[in-house]
Amino acid sequence: MIYLDSNATTKPSEAVTQAVHAATATLFANPSSVHRAGQEARRAVELARKDLAALIGVPPKELILTSGGTESIDLAIRGVLGARATSRGTGFQPVRPPNSTSPTQLPNIITAPIEHAAVRDLVAHLARQDQIEPRPLPLDARGMADPQALPSLIDEQTVLVSVQWANNETGVIQPIEQIAECCRAHKVPLHCDAVQWVGKMPCTEPPSEPRAQASGVSGRSTGENPLPCDLLTLSPHKFHGPKGVGALWVRRGVGLMPQSIGSQELDRRGGTENVPGIVGAGVAAREAVAWLADAEPRATLAARRDRFEQAILSRIPGTVVNGADWTRLWNTTNIAFPTLEAEAMLMLLSERGLAASAGAACSSGSLDPSPVLLAMGIPEPLAHGSIRLSLDRATTEAEIDEAIEIVVA
């Protein structure tokens, strides 16, 4: 089986697999226990936390370990919302602006319609419960989140802006630096879903111009930490780590209310830690740091992706690469096959030995076209026939050659 579905998950490396197996056998004690076995497990957790923090260039104590990217996103959004309500002592009750005759206002969260469902659906859920007012960040003519539209959406009731670093379906890189600059100017925290970015691209070397020194939401100089946002979500299974582990980085000074009560994770997230998974995640982080140190492998893999696209476009009339004109991650392609259905194609490809996906893996049971592609302005017939193929660090030239022939056939 040729696996071109790395945006959904990547195969753990041999070192990660060995580390998980060893930790399962030897680090079975509860890391919150005070006895020696428990403290050995605790030490392993903290070393892995340090490795994950080093991957994104943050202090380890600012990193909360979670069960995955979805929980990390949930904790970021609900946590900031809850902290804001607590600080005002109003719960989630609507508030009326001073000296205003306008209707009562709920706290609002701003996010783009092309976000992963973990963000998109949670914001919609909170809106249905009358906890927030959702404010969609418009897309520009290219189908990317428009930073120029952001200032007009922010007001005193804005709790959070949440924008992904790179799109999980198309690989299109969002203008996160410009969005961050606007959020800093308005003193609104920015959450970044960086699940598709971390481990694939350096977090400490943004692709855009270096930003000027400015105060972040927490009052820290952004020069102390190169990340553009105030909260960042990552998931190791996107960079050859195990599933069932994620992390949320929270910049010092950003208020966050725990969503699962407990003493673990410095009282920010309750529940006994998944020690084997966390250990494996730490190994994956160390391997990612080493791999990211050299830009040449990324360029090589991007060339393989481009060669794959060019072969499909030249040999299958009418095919279109969604997002091809924009800056994308090196590993992702999203190709539309007019008049075909994505689900039928995926089953046929799988039977011939090629694993791919349509949209996000989390919505793989849906027969509807991707809401991300529709929001980007992709016509519905193309969106219905669009599939995502994504390389990982181990994808070879031979696999690309074979994948081309399978798709064309």
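Where is His240 found, relative to strand S7 and strand S8? Select His240 in this predicted model, and the viewer will take you to the loop that connects strand S7 (231-234) to strand S8 (246-250). The backbone there deserves a look, since phi of His240 is near 70 degrees, a positive value in a residue other than glycine. With a relative accessibility of 7%, under the 20% cut-off, His240 counts as buried.

**A second positive phi**

Move next to Leu266, which lies in helix H6 (residues 264-267) and has a positive phi of about 55 degrees although it is not a glycine. Is Leu266 buried or exposed? Its relative accessible area is 59%, over the 50% cut-off, and Leu266 is therefore classed as exposed.

**The whole chain**

Before going further, zoom out and colour by secondary structure: the protein chain has 12 helices and 12 strands. Of its 409 residues, 57% count as buried. If you draw the contacts between residues at least 6 apart in sequence, 75% of them join residues at least 24 apart.

**Ile64 in strand S2**

Now select strand S2 (residues 63-66) and pick out Ile64 within it, a residue that is buried, with a relative accessible area of 0%. Leaving out residues up to four places away in sequence, Ile64 touches Arg49, Leu75, Gly246, Ala247, Leu248, Val250, Leu256, Glu265, Arg268 and Arg269. For one of these partners, Leu75, a distance label between C-alpha atoms should read 9.7 Å, and the two residues are 11 apart along the chain.

**The nonpolar cores**

In soluble globular proteins, nonpolar side chains tend to be buried together. To see the largest nonpolar core here, which has 99 residues, begin with Ile56, Leu137, Trp165 and Leu232, the members that touch the most other members. Which helix supplies the largest share of this core? That share, 10 residues, comes from H7.

Stay on Leu232 and show its surroundings: apart from neighbours within four places in sequence, Leu232 is in contact with Ile56, Ser72, Trp165, His191, Cys192, Ala194, Val198, Leu227, Ala247, Leu248 and Trp249. A second core of 21 residues is separate, and Ala76, Val119, Ile132 and Leu160 are among its members.

**Helix H7 and its two partners**

Select helix H2 (residues 36-56) together with helix H7 (residues 275-292), whose axes are 8 Å apart and which pack at an angle of about 30 degrees. This angle is under 35 degrees, so H2 and H7 count as roughly parallel to each other, and their crossing is left-handed. On the H2 side, show Ala41, Ala44, Val45, Ala48, Asp51, Leu52 and Leu55, which meet Val275, Ile278, Val279, Ala281, Gly282, Ala285, Arg286, Ala288, Val289 and Leu292 in H7. By class, this contact of H2 with H7 holds 14 nonpolar, 1 polar and 2 charged residues.

Keep H7 on screen and add H1, which packs against H7 at an angle of about 155 degrees, with the axes 8 Å apart. Because that angle is over 145 degrees, H1 is roughly antiparallel to H7, and the crossing of H1 and H7 is right-handed. Here Ala15, Val16, Ala19, Val20, Ala23 and Thr24 in H1 meet Pro276, Val279, Gly280, Val283, Ala284 and Glu287 in H7, and the residues of the contact divide into 9 nonpolar, 2 polar and 1 charged.

While H1 (residues 14-26) is selected, find His21 in it, a residue that counts as exposed at 55% relative accessibility. A C-alpha to C-alpha label from His21 to Gly280 should give 8.9 Å, although these residues are 259 apart in sequence.

**Helices H8 and H12**

For the last stop, select helix H8 (residues 296-315) and helix H12 (residues 397-408), which pack at an angle of about 20 degrees with their axes 10 Å apart. H8 and H12 are therefore roughly parallel to each other, and their crossing is right-handed. To view the contact, show Arg304, Arg307, Phe308, Ala311, Ile312 and Arg315 of H8 with Glu397, Ile400, Asp401, Ala403, Ile404, Glu405, Val407 and Val408 of H12. How many residues of each class does the contact of H8 with H12 contain? Colouring by class should show 8 nonpolar, no polar and 6 charged residues.

Definitions and conventions
Residues numbered from 1 in each chain as written. Predicted model: local features only at pLDDT ≥ 70, side-chain atom pairs only at ≥ 80, totals over all residues. Heavy atoms only, no water. Axes fitted to C-alpha atoms, helices over the stretch in contact; angles between N-to-C directions. Helix = DSSP H or I, 4+ residues; strand = E, 2+ residues; numbered from the N terminus. Parallel < 35°, antiparallel > 145°, perpendicular 65-115°, else oblique. Left-handed = near helix turned anticlockwise from the far one by under 90°. Contact = heavy atoms within 4.5 Å. Nonpolar A, V, L, I, M, F, W, Y, C, P; charged D, E, K, R; others polar. Core = buried A, V, L, I, M, F, W, Y, C linked by side-chain atoms within 4.5 Å. Buried < 20%, exposed > 50% of the residue type's maximum accessible area, 1.4 Å probe, protein only.
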